[in-house]
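Let's take a walk through a protein together, with an eye on its aromatic rings. Have the structure open as you read, and turn it around whenever a residue is named.

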Amino acid sequence: MRMDKFKFALILLLGVCGLSCSGKRSGAVPNPQVFGRLDNGETIYLYTLANRTGMTAQIINYGAIMVSLKVPDGAGNFQDVILGFDDLEGYVNDQSYQGAVVGRFGNRIAGGKIHLDGKDYQLSVNDGNNHLHGGFTGFFKAVWDAQQESPNTLRLTLVSPAGEEGYPGNVHMTVTYCVTEDNSLKIEYRGTTDEPTILNPTSHGYFNLTGSPQNSILEHHLIIDADYITPVNSTLIPTGELLHVQGTPFDFRKPRPIGEAINADHEQLRFGSGYDHNWVLNNHTGAVRKVAELYDPDSGRLMEVLTDQPGLQFYSGNFLDGSLVGKKGQKYGFRTALCLEAQHFPDSPNKPNFPSVILRPGEEYGQTTIYRFSVK
Ligand code: GLA
């Protein structure tokens with residue numbers, strides 16, 4: 001009996017430590033490597049985070065971009081499960097937000113217009129007539145200050161000045177990446193402002209669990225714990241309504257191959273050229289909970305997504321068309337990767353019925369999102 005209690009406490013403790021960046025690994029912190037130089041001569045560094053069993057994540061201080069994420073398959077082979085580029089130039093020229101922290105507002109804002117405390121602001125318009133992912137030079141094109149705090153933890157900070165891309169307020173951002181002993185990549189975001197503003201950053205990793213972007217992601221099985229999506233118009237701006245997923249191609253409450261219904265005759269799939277929608281996650285209380293699961297039957301790799309956010313954008317790589325050349329000269333073809341972006345709902349600033357994204361002086365923005373890997 002005593003033993004059982006002891007075991008239970010130990011499992012609980014390991015579980016909690018596994019989820020925490022505060023459980024930093026001791027040991028020598030590797031020196032960052034030079035990744036490249038920007039046109040202005042500034043040097044960009046590559047940081048390697050590792051846990052004791054060999055999972056690694058590599059991050060650069062340009063765009064706080066995750067450039068590789070190596071996790072084992074069922075046979076114990078480590079492979080990179082995200083797309084990206086071999087050099088800095090690739091990321092500087094990239095328009096698809098590969099691996100980056102996007103913001104200030106991840107996702108779209110109609111017309112780039114926000115109205116805050118009686119004032120109107122015009123954000124830059126970089127996606128048709130809309131604002132997307134923070135504008136032309138959002139967080140994903142900024143040079144962050146970086147400090148590797150331990151073999152498995154990297155802390156990046158950035159000051160986004162008032163007026164940048166049209167946003168009010170000087171925003172101080174911190175993003176912490178951590179590779180934990182339970183094979184999780186944990187991303188924590190914090191932000192403060194000196195004027196009322198909006199904030200909704202997210203991570204834009206392009207996952208392919210087969211370890212090879214030569215394979216499509218249509219055979220990956222996906223679960224999303226959500227009863228509703230926020231349906232969109234033809235420019236991917238939410239209408240403000242909620243659409244129940246029951247009986248639609250958007251029902252991922254039970255595991256379903258992504259390709260099963262992606263080509264179904266559904267207006268929402270036509271608007272998105274596939275999946276490019278926000279799922280209204282169940283059980284949103286502000287606590288971190290499991291919201292999604294992605295499984296590749298071939299490699300056995302399983303990725304669980306845990307977050308404290310109310311929404312998840314599932315983008316099935318519909319804009320990849322083979323013209324983008326990435327790591328090892330590979331062409332990134334149609335639907336060879338997918339994004340699962342934990343976030344607030346698109347166009348929230350203009351949708352009073354959506355959870356608020358307003359941040360005021362004296363408050364602190366916080367987000368925790370975890371991508372946890374295992375094999376099945
Ligand atoms: C997000 C958007 C997509 C697309 C990609 C980048 O996921 O929702 O529509 O813009 O970023 O190509």
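What follows is a tour of ring pairs, a ring cluster and some charged neighbours. Keep in mind that this is a predicted model.

Let's begin with the rings that pair up. The count comes to 16 aromatic pairs. One of them joins Phe-139 and Trp-144 in an edge-to-face arrangement, with 5.8 Å from centre to centre and 80° between the planes. Are these two residues buried or exposed? Phe-139 has 1% relative accessibility, so it counts as buried, because buried means under 20%. Trp-144 also has 1% relative accessibility, so this residue counts as buried as well.

Now move along the chain to another pair, Phe-250 and Tyr-275. These rings also meet edge-to-face, with centres 5.5 Å apart and 90° between the planes. Where do the two partners sit in the chain? Phe-250 lies in the loop between β19 (243-244) and β20 (256-257), while Tyr-275 lies in the loop between α3 (267-272) and β21 (276-281). The two are 25 residues apart, and their pair links distant parts of the chain. Both Phe-250 and Tyr-275 are buried.

This pair has company, too. Phe-250 and Tyr-275 belong to one aromatic cluster that also takes in Phe-252, Trp-279 and Phe-314.

Finally, look for charges placed over rings. Within that cluster, find Phe-252: the charged end of Arg-256 sits over its ring, 5.9 Å from the centre. Elsewhere on your tour, the ring of Tyr-295 has the charged end of Lys-376 over it, 4.5 Å from the ring's centre.

Terms used
Residues are numbered from 1 along each chain as its sequence is written. This is a predicted model: local features need pLDDT of at least 70, side-chain atom pairs count only at pLDDT 80 or more; totals for chains, interfaces and linings use all residues. Side-chain values use heavy atoms; hydrogens and water are left out. Rings of Phe, Tyr and Trp (its six-membered ring) pair if their centres lie within 6.5 Å; planes under 30 degrees apart count as stacked, over 60 as edge-to-face and the rest as tilted. Buried means under 20% relative accessible area, exposed over 50%, partly exposed in between (1.4 Å probe, protein chains only). Helices (H or I, at least four residues) and strands (E, at least two) are DSSP runs, numbered from the N terminus. A charge sits over a ring if NZ of Lys or CZ of Arg is within 6 Å of the ring centre and within 35 degrees of the ring normal.
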